[in-house]
Amino acid sequence: MEKLDGKSLDLVKTNIEALKQLFPEVVTEGKIDFEKLKLVLGEEIEKRNERYEFTWHGKTQAMKLAQTPSTGTLRPDKASSKNWDTTENLYIEGDNLEVLKLLQKSYFGKIKMIYIDPPYNTGKDFVYKDDFRDNIKNYKEMTEQTTKANTETNGRFHTDWLNMMYPRLKLARNLLREDGVIFISIDDNEVANLRKICDEIFGEDNFITNICHKARGSISNDKIISPNHNHILLYAKNYSVIFNLRKTIGLDPDLEGFTNEDNDPRGPYKLVPVDGPGGERKGNPYYEFLGVKGYFRYSKETMEQKYKEGIIVKRGNSLLRKYFLSEAKQSRKTDSSWWDDAGYTSTATSKLKQLLGNSIFDSPKPVDLIIRMLKQFTFKEKDSIILDFFSGSATTAHAVMQLNAEDGGNRKFIMVQLPEKTDEKSEAYKAGYKNICEIGKERIRRAGDKIVEETGKTDLDIGFKVFKLDSSNVKTWDPDFENLEQTLFDLQDNIKEDRTKEDLLYEILLKIGLPLTTPIEEIDYKGKTIYNVGFGSVLLCLENEIDLDIVNEMMKHKSEHMTPKVIFKESGFINDSVKTNAIQTLKKNGITDVRSV
């Protein structure tokens with residue numbers, strides 16, 4: 001019976017395996033032979049000491065931090081969740097660095113779109129201080145105090161910001177699908193540095209554009225030139241994949257002006273030119289058709305076929321084709337990098353105040369801004385997962401629910417936010433919100449209810465499961481647990497006293513790589529709970545006094561389509577003889593993947 005590893009995905013090991021797939025000859029006994037790697041790469045090696053690079057104090061440590069597995073867990077909090085049993089949305093409270101690490105196994109390559117609005121490093125906002133040795137302990141200490149701003153008088157003003165952003169973006173990239181994209185809002189303070197680290201992490205070739213979002217309408221007369229825009233950097237996981245999908249990316253098409261004067265059974269249409277712009281230079285063919293000579297966008301054979309189908313018509317001395325409304329509805333309109341109509345911050349602040357009843361959050365992003373992003377990249381992917389790991393007031397969650405209501409989508413969101421304490425003098429604190437997470441969760445609750453009320457769509461997923469970052473539920477997995485040496489000899493006491501079976505269940509799901517919204521059936525058998533996860537793909541019993549009757553009952557719920565994993569609590573069996581017989585019983589049922597915790 002194999003013991004579960006209590007760590008998140010080991011990215012160093014994953015990277016070595018990826019290199020092994022490309023160049024098997026350079027990996028020997030799990031180690032990389034750099035001399036062989038140099039030979040494989042030939043002349044494409046930089047040997048000079050002076051080279052183009054972007055560096056700062058602490059960069060090496062930041063890179064290591066991204067690769068260091070987490071030993072933490074995410075504990076379910078049903079009390080502050082909404083529609084726990086049915087929702088596929090997540091709201092996670094915790095340091096986003098540790099959370100991103102914990103999501104690696106379960107959501108690696110599964111996120112379609114990421115949007116983040118990180119601290120702009122203006123001298124007034126908070127910048128996370130990570131601890132390479134023990135970030136879970138650091139997180140607990142950090143959330144017990146009112147966070148401090150990264151002031152401009154700090155001698156490492158830009159350095160601290162870069163050390164915060166680098167490992168988080170590195171981990172975020174892993175979560176993107178091959179056709180995934182990331183939008184990052186920023187202002188002039190750090191846009192140059194952000195562009196450099198994104199070029200390094202995502203690759204210069206995967207940069208799509210720098211969007212200028214007009215975020216304010218009023219003029220700042222105390223400036224030389226009023227800064228009325230923010231930047232939104234847009235990167236692809238794989239630019240070539242996105243480029244090939246470009247016909248499905250963009251804004252909603254213009255559907256005005258379609259008519260059907262000749263009662264074409266294919267429905268309303270517009271007449272559009274068929275001439276080939278750019279002529280010979282663009283490779284368009286030159287010929288005569290219906291007495292009209294010129295460069296056309298179709299070959300003569302295609303033109304003849306379309307004419308036979310009643311698609312090509314002649315008006316005067318011009319050839320036109322019917323562009324049907326049904327076609328237009330499936331098309332997208334190419335957007336520009338100038339967004340002056342995506343909503344002002346002041347308007348977003350006003351709308352949030354109306355929703356929550358108080359001015360409790362500074363500078364939220366407009367819902368329309370996020371919807372614009374979602375429409376462009378999830379038009380054909382209406383069931384995709386959207387991640388925001390600096391979620392703030394949860395505008396992204398609001399936008400996902402709103403767009404789902406508009407187009408019938410089933411997009412899911414994952415919000416991650418540090419439970420940063422609100423200032424006791426603030427309107428938020430006076431209104432009862434002790435930290436930013438409380439604001440975000442209440443915003444989602446009210447926004448969801450309002451959307452259902454306005455649209456009448458009661459089948460919308462407006463719920464969310466809440467999870468909170470904590471140290472491991474298993475003593476032997478927690479490097480900070482007191483009396484760890486004694487615990488190693490006393491497996492009866494391996495689970496922390498203040499933790500529940502459900503806490504342990506979700507930690508196991510994370511550590512074996514299952515999404516936190518995987519369906520779970522609780523089976524009560526003689527007062528013991530058996531968990532049937534993913535319709536029989538994983539079966540767990542985390543009880544004490546496990547006997548063969550329980551094992552046989554578990555077999556009744558295994559998947560018919562795949563061989564399940566089976567997981568027990570190591571100390572749960574009545575005795576070693578029962579454990580041995582249980583393993584033999586599972587083997588007779590074709591199950592060899594048996595693990596313990």
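What follows covers one sheet, the helices packed on it, and some aromatic and charge-over-ring contacts in a predicted model.

The sheet is an open one, built from six strands in the order S1-S23-S22-S21-S20-S19, with mixed pairing. Its edges are taken by S1 (2–3) and S19 (520–525); each has a single partner strand, so one side of each goes without a neighbour in the sheet. Further in, S22 (residues 565–568) and S23 (residues 594–596) run parallel and are joined by three bridges, with Ile567 sitting opposite Arg595 in S23. Helix H18 (residues 501–512) packs on this sheet and touches S19, S20 (528–533), S21 (538–541), S22 and S23, its direction making about 30° with that of S20. Helix H19 (residues 548–555) lies across S19, S20, S21 and S22, at about 160° to S21.

H18 also turns up in the ring contacts. There are 17 aromatic pairs. In one of them, Phe467 and Tyr506 have ring centres 5.1 Å apart and planes at 70°, so the pair counts as edge-to-face. This pair ties together distant parts of the chain, since Phe467 belongs to strand S18 (residues 465–470) and Tyr506 to H18, 39 residues apart. Phe467 is buried at 0% relative accessibility, and Tyr506 is buried too, at 3%.

Tyr286 and Tyr295 make another edge-to-face pair, 5.1 Å centre to centre with 65° between the planes. Here Tyr286 is exposed, at 52% relative accessibility, while Tyr295 is partly exposed at 31%. Elsewhere, ring pairs link Phe54, Trp56 and Tyr166 into a cluster.

Charges sit over rings as well: Arg195 lies over the face of Phe207, 3.6 Å from the ring centre, and Lys306 lies over that of Tyr298, at 5.2 Å.

Notes. Residues numbered from 1 in each chain as written. Predicted model: local features only at pLDDT ≥ 70, side-chain atom pairs only at ≥ 80, totals over all residues. Heavy atoms only, no water. Pairing = 2+ DSSP bridges. Helix = DSSP H or I, 4+ residues; strand = E, 2+ residues; numbered from the N terminus. Contact = heavy atoms within 4.5 Å. Axes fitted to C-alpha atoms, helices over the stretch in contact; angles between N-to-C directions. Phe/Tyr/Trp six-rings, centres within 6.5 Å; stacked < 30°, edge-to-face > 60°. Buried < 20%, exposed > 50% of the residue type's maximum accessible area, 1.4 Å probe, protein only. Lys NZ or Arg CZ within 6 Å of the ring centre and 35° of its normal.
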